[in-house]
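Subject: Structure for you to look at, with notes

Dear colleague,

Please find the structure below, followed by some notes on what turned up in it. I suggest keeping the view open while you read, so that you can find each residue as it is named.

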Amino acid sequence: MISFAVRFTPEAEDDLVRLYDFILDRDPTDWSVAECALDAIKHAIRSLEQSPFSYRKADTENPFLRELIIPFGASGYVALFEIDNERSVTILAVRHQREDDYH
């Protein structure tokens, strides 16, 4: 079985920090919730190492641009990623499902 390397763009890494900080901005005592959210995102993203083509297409014109839905609590997160080649995937952005679009 082929394993894909997963990397993050600097913007996607910034998104993870922004999402973590958002939880703490609402309630500074929610650090455990912020940690759990980050763990849920990381766990879901690990699934891309084995099967990135199984997730929904984000653009009908580009079959390599896809979205990973990450359940968490009452809503969750969405990771936009691109399958670069037969061995690597790049996370382009991560957003909360209630956000309008990627940052």
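Before the pocket is described, one convention is needed: Ala, Val, Leu, Ile, Met, Phe, Trp, Tyr, Cys and Pro count as nonpolar, Asp, Glu, Lys and Arg count as charged, and the others, Gly among them, count as polar. Please also keep in mind that this is a predicted model.

With that convention, the lining of the largest pocket divides into seven nonpolar, three polar and four charged residues. The lining has 14 residues, and those nearest the centre of the pocket are Phe22, Arg26, Ser75, Tyr77 and His96. The space inside the largest pocket comes to about 280 Å³. Helix or strand, two elements each supply at least two residues of this lining, namely α1 (10-26) and β4 (75-83), and α1 gives the most, with five residues.

Turning to the interior, it helps to recall that in soluble globular proteins nonpolar side chains tend to be buried together. Here the largest nonpolar core has 23 residues, and Ile41, Leu48, Leu68, Tyr77, Phe81 and Val94 are those with the most contacts inside it. Two or more residues of this core come from each of α1, α2 (31-46), β3 (62-72), β4 and β5 (88-96), and α2 gives the most, with six residues. What does Leu48 touch, once its neighbours within four places in sequence are left aside? Leu48 is then in contact with Phe4, Val6, Tyr55, Leu68, Phe81, Val89 and Ile91.

Finally, a search of the whole structure finds three aromatic pairs, and two of them are described here. Phe53 and Phe64 form an edge-to-face pair, with 6.2 Å from centre to centre and 70 degrees between the planes. This pair links distant parts of the chain, since Phe53 lies in the loop between α2 and β2 (56-59) and Phe64 in strand β3, 11 residues apart. Phe53 has a relative accessible area of 45% and is partly exposed, and Phe64, at 39%, is partly exposed as well.

Tyr55 and Phe81 also form an edge-to-face pair, with 6.3 Å from centre to centre and 85 degrees between the planes. Tyr55 is in the loop between α2 and β2 while Phe81 is in strand β4, 26 residues apart, and this pair too links distant parts of the chain. Are these two residues buried or exposed? Both Tyr55 and Phe81 are buried.

With best wishes

Key: Residues are numbered from 1 along each chain as its sequence is written. This is a predicted model: local features need pLDDT of at least 70, side-chain atom pairs count only at pLDDT 80 or more; totals for chains, interfaces and linings use all residues. Side-chain values use heavy atoms; hydrogens and water are left out. On a 1 Å grid over the protein atoms alone, a cavity is a set of points where a 1.4 Å probe fits but cannot get out, and a pocket is an open set with protein on both sides within 12 Å along at least five of seven lines; lining residues have an atom within 4 Å of a point. Grid points are joined across faces, edges and corners, and a volume is the space filled by probe spheres set on the points. Helices (H or I, at least four residues) and strands (E, at least two) are DSSP runs, numbered from the N terminus. A nonpolar core is a set of buried Ala, Val, Leu, Ile, Met, Phe, Trp, Tyr and Cys residues joined through side-chain atoms within 4.5 Å. Buried means under 20% relative accessible area, exposed over 50%, partly exposed in between (1.4 Å probe, protein chains only). Contact means heavy atoms within 4.5 Å. Rings of Phe, Tyr and Trp (its six-membered ring) pair if their centres lie within 6.5 Å; planes under 30 degrees apart count as stacked, over 60 as edge-to-face and the rest as tilted.
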